Amino acid sequence: MSAVGDRPRRTVRGAVPPGPPPWAAPALYRRLVADRLTLLSRATARYGDAVRMTIGPKTIYLFNHPDHAKHVLADHSGDYRKGIGLTEARRVIGDGLLTSHGEVWRQQRTTIQPLFQNKRLALLDSVIAEEAGRLVERLRAHAGGGPVDVSKEMTGLALGVLGRTLLDADLEEHSSLGHAFEGVQDQAMFEMVTLAMVPLWLPLPLHLRFRRARGELHRIVDRLVAGRRRHPTDGHDLLSRLIATTGLADGARAGLADGGDALDRLRGELITVLLAGHETTASTLSWAFHLLDRHPEVRERVRAEAVSVLGDRPPVYRDLHRLTYTTMVLEEVMRLYPPVWALTRVAEREDEVGGYRVPAGADVLISPYTLHRHPAYWREPDRFRPERFAPEASADRPRYAYIPFGAGPRFCVGNHLGMMEATFVLAMVTRDLRLTGLPGRRAVPEPMLSLRVRGGLPMTVSPA
């Protein structure tokens, strides 16, 4: 197959999408910084399924139709590379699976893909159930007491699961990991909204915090690598595979002492997988418990299903096919609050999407957040209704109207692991405990690398 640049040019005659006038750029930029979700929602509500917005030096083409998503993310994915936000984040989190493209991405995907095969996931059910059980006991210890930050608990759970299932390592001993990820993620979003135009060497408080966080993440990765090289495993975990593919498996130090290229590559890949992997699952579970609290009738159905299917035992892999309503609840949670709220691309060549011309080099945005609320495909789109994911209700829905894990070649490689983890946790916690939000406190979405709850999610705990 010829490279993208070698493909024959084709005639593109599409129209220019509608959008705000050029003089609206300052207001759009303020909204980008302060309220990105409202910016996207208002743009699609006013201008339709294709919107052209000029924000600072960037002109963004926002597409909000299932056919548009299919075109950009799947059918013509080779004509696009990762875009705004992720491009800038590369200087923060390195060249990992989330930010890389081309041959580098393909090699990384080949390395990690076998770890997420169903036959391997089926062997991890006891590990996930054990971590979920430990979470239940931690929450139970707060019963009758003050509120606990459920978002923080979900983050700890997700890191624990990733550590044991992907790295064959216990990440609890690295207690600073979650805090370090916060510093890196804050910097990554700052890079996005400033378009990476603020030098990292400036001694801004955010930059200083980021440098400390990045240094801590590098130290943790270095310790994990050094420990695995001293005590090799069977090679079927991510850490061992990365050590082998980056050339750090031999007896020489291979850059461990001086931060060589091989170690830098491993750091970028491992940090990216851990950051993206734990953030998406933690945010989905946080929103799930918030919505169950707001909809007690749904919570009772989840609990009844858990009692019926599981009794008082932990779940196993085959239970996933029986926890059908719990799965529907999680799917509806991810419709309203998709963990990846924006999929950004840059057009490598001129294209036409839905009858609209996209110039070469243009920034293209597909937002699952707005697509999942498209009134043509979702009745009462802002209402929480898990029943819309029953087979009979979703049979005629366009495939690309719902893309919580992305679409096309870059479809989230860890989606099955994340769903198994979320299903086990939601069933076990709801079966045994009741989490109740604080009166008067709103849960506000915060679009960072994932769509998390701003300021955490304090809830009180009581027996179910």
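**Exercise 1. Is Asp168 buried, exposed or partly exposed?**

Before starting, note that this is a predicted model, where local features need pLDDT of at least 70, side-chain atom pairs count only at pLDDT 80 or more, and totals for chains, interfaces and linings use all residues. Residues are numbered from 1 along each chain as its sequence is written, and side-chain values use heavy atoms, with hydrogens and water left out.

*Solution.*
- Step 1: find the residue. Asp168 sits in the loop between H8 and H9; helices (H or I, at least four residues) and strands (E, at least two) are DSSP runs, numbered from the N terminus.
- Step 2: get the cut-offs straight. Buried means under 20% relative accessible area, exposed over 50%, and partly exposed in between (1.4 Å probe, protein chains only).
- Step 3: apply them. Asp168 has a relative accessible area of 46%, so it is partly exposed.
- Step 4: check the backbone. Asp168 isn't a glycine, yet it has a positive phi of about 55°.

**Exercise 2. Do the same for Glu380, Glu153 and Arg30.**

*Solution.*
- Step 1: Glu380 lies in the loop between helix H15 (368-371) and helix H16 (391-394). With a relative accessible area of 37%, Glu380 is partly exposed, and its phi is positive, about 45°, although it is not a glycine.
- Step 2: Glu153 belongs to helix H8. Its relative accessibility is 16%, so Glu153 counts as buried. Leaving out residues up to four places away in sequence, Glu153 touches Leu135, Arg138, Leu139 and Val148, where contact means heavy atoms within 4.5 Å.
- Step 3: Arg30 is in helix H1 (residues 25-34), and at 56% Arg30 is exposed.

**Exercise 3. Describe the largest pocket and what lines it.**

*Solution.*
- Step 1: pin down the term. On a 1 Å grid over the protein atoms alone, a pocket is an open set of points where a 1.4 Å probe fits, with protein on both sides within 12 Å along at least five of seven lines; lining residues have an atom within 4 Å of a point.
- Step 2: the volume is about 730 Å³, meaning the space filled by probe spheres set on the points, which are joined across faces, edges and corners.
- Step 3: 28 residues line this pocket, and Ser151, Lys152, Thr155, Gly156 and Gly178 lie nearest its centre. H8 gives the most to the lining, eight residues.
- Step 4: the lining splits into six nonpolar, twelve polar and ten charged residues. Here Ala, Val, Leu, Ile, Met, Phe, Trp, Tyr, Cys and Pro count as nonpolar, Asp, Glu, Lys and Arg as charged, and the others, Gly among them, as polar.

**Exercise 4. Now take the second largest pocket and follow H17.**

*Solution.*
- Step 1: this pocket has a volume of about 610 Å³ and 25 lining residues, with Thr327, Glu331, Asn415, His416 and Met419 nearest its centre.
- Step 2: by class, its lining has 13 nonpolar, nine polar and three charged residues.
- Step 3: H17 gives the most to this lining, five residues. The helix is mostly covered, with 16 of its 18 residues buried.

**Exercise 5. Which residues have the most contacts inside the largest nonpolar core?**

*Solution.*
- Step 1: a nonpolar core is a set of buried Ala, Val, Leu, Ile, Met, Phe, Trp, Tyr and Cys residues joined through side-chain atoms within 4.5 Å.
- Step 2: the largest has 110 residues, and Leu167, Leu270 and Phe289 have the most contacts inside it. H12 supplies the largest share of this core, 13 residues.
- Step 3: leaving aside neighbours within four places in sequence, Leu270 is in contact with Leu167, Val221, Leu224, Leu238, Leu239 and Leu242.
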